[in-house]
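Me: I have a structure to go through, and I would like some help reading it. Could we take it step by step?

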There are 2 protein chains.
Amino acid sequence: MVAGPLPAPSGPGKDRLRLWVRLLRASRSIEAELRERLRQEFNTTLPRFDVMAALYRAPEGMLMSDLSRFLLVSNGNVTGIVDRLVSEGLVARARRNGDRRTSMVRLTEEGSKAFALIAAAHESWIGELLGNVSEDEARRLTGMLDSFRSNWEGRE
Amino acid sequence: MVAGPLPAPSGPGKDRLRLWVRLLRASRSIEAELRERLRQEFNTTLPRFDVMAALYRAPEGMLMSDLSRFLLVSNGNVTGIVDRLVSEGLVARARRNGDRRTSMVRLTEEGSKAFALIAAAHESWIGELLGNVSEDEARRLTGMLDSFRSNWEGRE
DNA sequence: TTATGAAACTTCAAGCTTGAATAATTTATT
DNA sequence: AATAAATTATTCAAGCTTGAAGTTTCATAA
């Protein structure tokens with residue numbers, strides 16, 4: 001699905017196909033670089049960073065199902081990642097009184113401190129990796145992607 | 001750092017960070033939808049589709065290392081995916097006279113026919129999923145991503 | 001030639017990811 | 001209350017992905 005070294009395709013719909021290919025290659029390139037740096041500098045992974053980032057914004061904690069919905073991944077997936085974060089002492093599951101099926105997942109104090117460090121590095125990496133996109137261009141692109149998202153939501 | 005409803009992040013570099021988050025969410029949403037349809041309609045996966053797409057554009061075949069470089073994935077990864085495609089009869093490894101370390105990987109006739117069908121569906125799915133991005137907007141976005149890519153390449 | 005190193009590919013362990021199946025609990029219905 | 005249905009989370013098998021280590025082959029040079 002990634003673009004090829006051959007004659008540029010043309011015809012109806014080709015512009016959108018080409019856009020998709022560029023979008024995918026860009027996000028894969030950046031993701032790969034972030035993954036590499038997270039591993040080298042902080043000995044962690046992108047999925048763990050994603051979970052911690054979500055929890056960092058929710059000091060009161062999140063349900064497992066909130067996490068999987070927010071991160072766009074499956075329930076079983078989150079279970080495994082949280083398991084590992086718990087075993088590293090970065091995250092804790094807290095029993096709830098109301099509903100015994102669920103538990104609130106939140107960062108431990110150690111997890112919160114660790115994340116703050118990683119997040120600062122992460123933000124500067126993004127600034128570097130997207131350095132040749134001007135802030136103005138970034139805002140315009142973001143706007144386009146927002147309008148895409150608003151039309152996307154409500155699918156399924 | 002007061003707890004509570006999180007203010008939209010602001011400050012230097014926040015626009016790029018926000019752009020990255022949107023980019024990632026957009027491509028993950030679309031990828032998830034494509035994966036689901038490939039599974040339901042064609043009983044295949046996105047990585048297999050990617051490999052077949054690359055080979056479809058190279059009738060003379062590709063080396064394993066060409067494939068992994070082109071697809072932005074590791075060598076060992078491609079080995080596994082090609083193994084499965086070979087066992088399904090969609091792809092073949094052909095010995096080369098010159099260099100016995102390598103083999104040319106190419107689509108079988110069956111693989112080529114199968115891919116043509118899937119690719120047609122894939123393109124129409126993209127047209128649908130990106131339907132609310134106008135062709136003109138698609139071209140502009142593509143242009144921005146292209147300029148990003150050209151600055152990106154030459155890293156590492 | 002023979003050693004040395006580089007290149008192409010595979011194998012492996014660990015982790016990520018999914019969809020399906022299951023278990024536990026809560027909510028709704030009768 | 002008793003039953004049925006829906007919700008929440010975990011478990012599981014299969015496949016994807018990586019980085020590192022290992023194998024085979026080729027290229028270079030001493």
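**Contacts, cores and the DNA surface**

Me: What does B:Leu19 touch?
Reply: Leaving out residues up to four places away in sequence, B:Leu19 touches A:Leu130, A:Val133, A:Ala138, A:Leu141 and A:Thr142. Two residues are in contact if their C-beta atoms, placed from the backbone, lie within 7 Å.

Me: Before we go on, what should I know about the model and the labels?
Reply: This is a predicted model, in which local features need pLDDT of at least 70 and side-chain atom pairs count only at pLDDT 80 or more, while totals for chains, interfaces and linings use all residues. Residues are numbered from 1 along each chain as its sequence is written, with chains lettered from A and ligands numbered from 1 in the order in which they are written.

Me: Which residues touch the most other members of the largest nonpolar core?
Reply: That core has 26 residues, and A:Leu19, A:Trp20, A:Leu23, A:Leu130 and B:Leu19 touch the most other members. A nonpolar core is a set of buried Ala, Val, Leu, Ile, Met, Phe, Trp, Tyr and Cys residues joined through C-beta atoms within 7 Å; buried means that 20 or more other C-beta atoms lie within 10 Å of the residue's own, all placed from the backbone.

Me: And which element gives the most to this core?
Reply: α1(A) does, with six residues. Helices are DSSP runs of H or I with at least four residues, numbered from the N terminus.

Me: How many residues does each chain bring to the contact?
Reply: Chain B brings 46 residues and chain A brings 43 residues. On the side of chain B that touches chain A, the largest share, 16 residues, comes from α1(B).

Me: How are the two copies related?
Reply: A turn of 180° and a shift of 0.1 Å along the axis lay chain B on chain A with an RMSD of 0.1 Å, superposed by least squares on the C-alpha atoms of residues with pLDDT of at least 70 in both. The two copies are thus related as by a two-fold rotation axis.

Me: Why do you say they meet through the same surface?
Reply: Because 85% of the interface residues of chain B are also interface residues in chain A.

Me: New topic: which residues are closest to DNA strand D?
Reply: The closest are A:Ser65, A:Gly76, A:Thr102, B:Pro47 and B:Gly76, out of 24 residues that surround the strand. A residue is near a strand if its C-beta atom, placed from the backbone, lies within 6 Å of it.

Me: Which element gives the most there?
Reply: α4(B) gives the most to the surface near DNA strand D, with five residues.

Key. Helices (H or I, at least four residues) and strands (E, at least two) are DSSP runs, numbered from the N terminus. A residue is buried if 20 or more other C-beta atoms lie within 10 Å of its own, exposed if 12 or fewer, and partly exposed in between; C-beta atoms are placed from the backbone.
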